[in-house]
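Dear colleague,

I am handing over the structure that we spoke of, and I would be glad if you could keep it open while you read the notes that follow it.

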Amino acid sequence: MIGIDVGGANLKVVDGSGAHIHYCPLWKEAPLGDLLSAYAGRGENAAVVMSGELADSFSSKAEGIGFIVDAVKEHFPDALFYGTGGKFHDRAVPELAAANWLASADYLRERYPDAVLLDVGSTTADIVPLCRFDDLLGLTDLLRLQRGYLVYTGMLRTNVATILRAVEINGIFTPVSTEYFACSGDAHLVLGTIRPEDYTSATPDGGQVSVEAALRRLARVVCSDLEEIGEAAARGIALQFWAAQQGMILRAVWECMGRSGSGHVVCAGIGSGVFAETLKGIDLNRDLGGMADALPAYAVLEVAQRNGSR
């Protein structure tokens with residue numbers, strides 16, 4: 001059996017050879033079937049979670065769920081899909097929408113019963129009190145946003161202007177442009193929080209993944225060329241973005257810990273290392289041998305095998 005997580009930006013697959021992450025934006029002509037076909041034909045079944053049903057290429061979540069289920073079943077006819085009720089389904093049902101975070105919690109709750117899971121990916125941060133699993137059943141993304149369990153910012157794809165309203169440039173308060181000039185991946189690349197090979201999503205301008213290109217995109221946030229404001233000021237934009245973004249996520253984690261009575265944090269996703277260090281938590285990339293970047297795919301596979309699914 002293999003584990004599959006179909007997100008809005010990435011397809012993540014866990015099989016006997018490890019974790020595989022493919023950039024696969026569902027709002028375009030997604031090669032989802034082509035990517036899945038590479039894992040089919042080996043006589044294995046698939047355990048699947050999703051969050052890509054929210055992509056705006058679909059008119060509704062139901063349409064997105066149906067599209068993903070059909071694409072998976074074309075290559076894995078007996079695939080099982082994990083839902084927000086904590087159960088597996090063999091067809092498209094509303095409960096399949098955005099259940100990937102719950103599969104992670106289902107797998108981790110016995111290993112870390114006194115922890116909050118912080119999974120910071122390319123697009124979002126999931127904050128999950130593992131000691132409250134029964135209370136998590138049935139939660140939609142809307143309810144998670146309202147309860148502080150979902151913070152819609154991530155390490156790669158967040159528009160800088162959605163976090164910052166203004167920055168300090170050479171000591172001057174400067175409002176920012178709300179155009180999609182630079183993203184969180186640019187800020188983190190400049191600051192060294194991520195490596196160039198971690199920057200797997202498309203750049204805002206379709207340009208290069210390099211520190212110089214990222215600095216130029218950050219300068220655009222204040223309607224400037226890099227030569228106009230200088231490299232130090234562009235790096236300053238990255239630092240101010242990271243301070244604001246990190247603050248949003250940390251506040252949500254601390255509030256969740258306080259409400260749930262959890263004693264520590266376990267971290268997953270592309271942001272696991274930096275947040276584990278800041279929160280003095282457990283970096284699941286170390287505990288899980290590098291699987292934490294594809295945690296929901298790994299977790300749904302483990303849960304299916306634990307439950308005796310075939």
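Before the sheets are described, one term is needed: two strands are said to pair if DSSP finds at least two bridges between them. Please also bear in mind throughout that this is a predicted model.

With that term in hand, we can turn to one of the sheets, an open one in which five strands follow the order β9-β8-β7-β12-β13 with mixed pairing. Its edge strands are β9 (150-151) and β13 (282-283), each of which pairs on one side only. Within this sheet, strand β7 (residues 115-120) and strand β12 (residues 264-268) run parallel and are joined by five bridges, and A115 is found opposite H264 in β12.

Another open sheet has six strands, in the order β3-β2-β1-β4-β5-β6, and here too the pairing is mixed. The strands at its edges are β3 and β6 (88-89), each pairing on one side only. If you begin at β1, you will see that five bridges connect β1 with strand β4 (residues 46-50), the two running parallel, and that I2 stands opposite A46 in β4. Towards β2 the sense is antiparallel, since strand β1 (residues 2-6) pairs with β2 over four bridges, and a hairpin of three residues links β1 to β2. From β2 the path goes on through a hairpin of two residues to β3, and β2 and strand β3 (residues 18-23) run antiparallel with six bridges between them.

How many of the residues of strand β2 are buried? Strand β2 (residues 10-15) is mostly covered, with six of its six residues buried. N10, K12 and V14 point one way from the strand, whereas L11, V13 and D15 point the other way, and all are buried. V13 is a useful residue to look at here, because β2 pairs on both its sides by the DSSP bridge rule: I4 stands opposite V13, and V13 in turn stands opposite H20 in β3.

Moving on to the side chains, the count of aromatic pairs comes to four. One of them is formed by F58 and F67, whose rings lie 5.3 Å centre to centre with 45 degrees between the planes, and this pair is tilted. Of these two residues, F58 is buried, with a relative accessible area of 12%, while F67, at 37% relative accessibility, counts as partly exposed. Why is the pair of Y82 and F88 called edge-to-face? The ring centres of Y82 and F88 are 5.3 Å apart and their planes stand at 75 degrees, so the pair is edge-to-face, the cut-off for that name being an angle over 60 degrees. Y82 is buried, with a relative accessible area of 1%.

A charged side chain also meets a ring in this model, for R109 lies over the face of F133, at 4.0 Å from the ring centre.

Finally, there is a feature of the surface to look for, namely a nonpolar patch of about 310 Å² that is made by L54, L145 and Y152. L145 belongs to helix α5 (residues 141-147), and because its relative accessible area is 44%, L145 counts as partly exposed.

With kind regards

Definitions and conventions:
Residues are numbered from 1 along each chain as its sequence is written. This is a predicted model: local features need pLDDT of at least 70, side-chain atom pairs count only at pLDDT 80 or more; totals for chains, interfaces and linings use all residues. Side-chain values use heavy atoms; hydrogens and water are left out. Rings of Phe, Tyr and Trp (its six-membered ring) pair if their centres lie within 6.5 Å; planes under 30 degrees apart count as stacked, over 60 as edge-to-face and the rest as tilted. Buried means under 20% relative accessible area, exposed over 50%, partly exposed in between (1.4 Å probe, protein chains only). A charge sits over a ring if NZ of Lys or CZ of Arg is within 6 Å of the ring centre and within 35 degrees of the ring normal. Patches are made of residues with over 30% relative accessible area and no salt bridge: like charges are joined within 9 Å, nonpolar side chains (Val, Leu, Ile, Met, Phe, Trp, Tyr) within 5 Å. Accessible areas come from the Shrake-Rupley method with a 1.4 Å probe; for residues, only the protein chains shown count as cover. A salt bridge is a side-chain nitrogen of Lys or Arg within 4 Å of a carboxyl oxygen of Asp or Glu.
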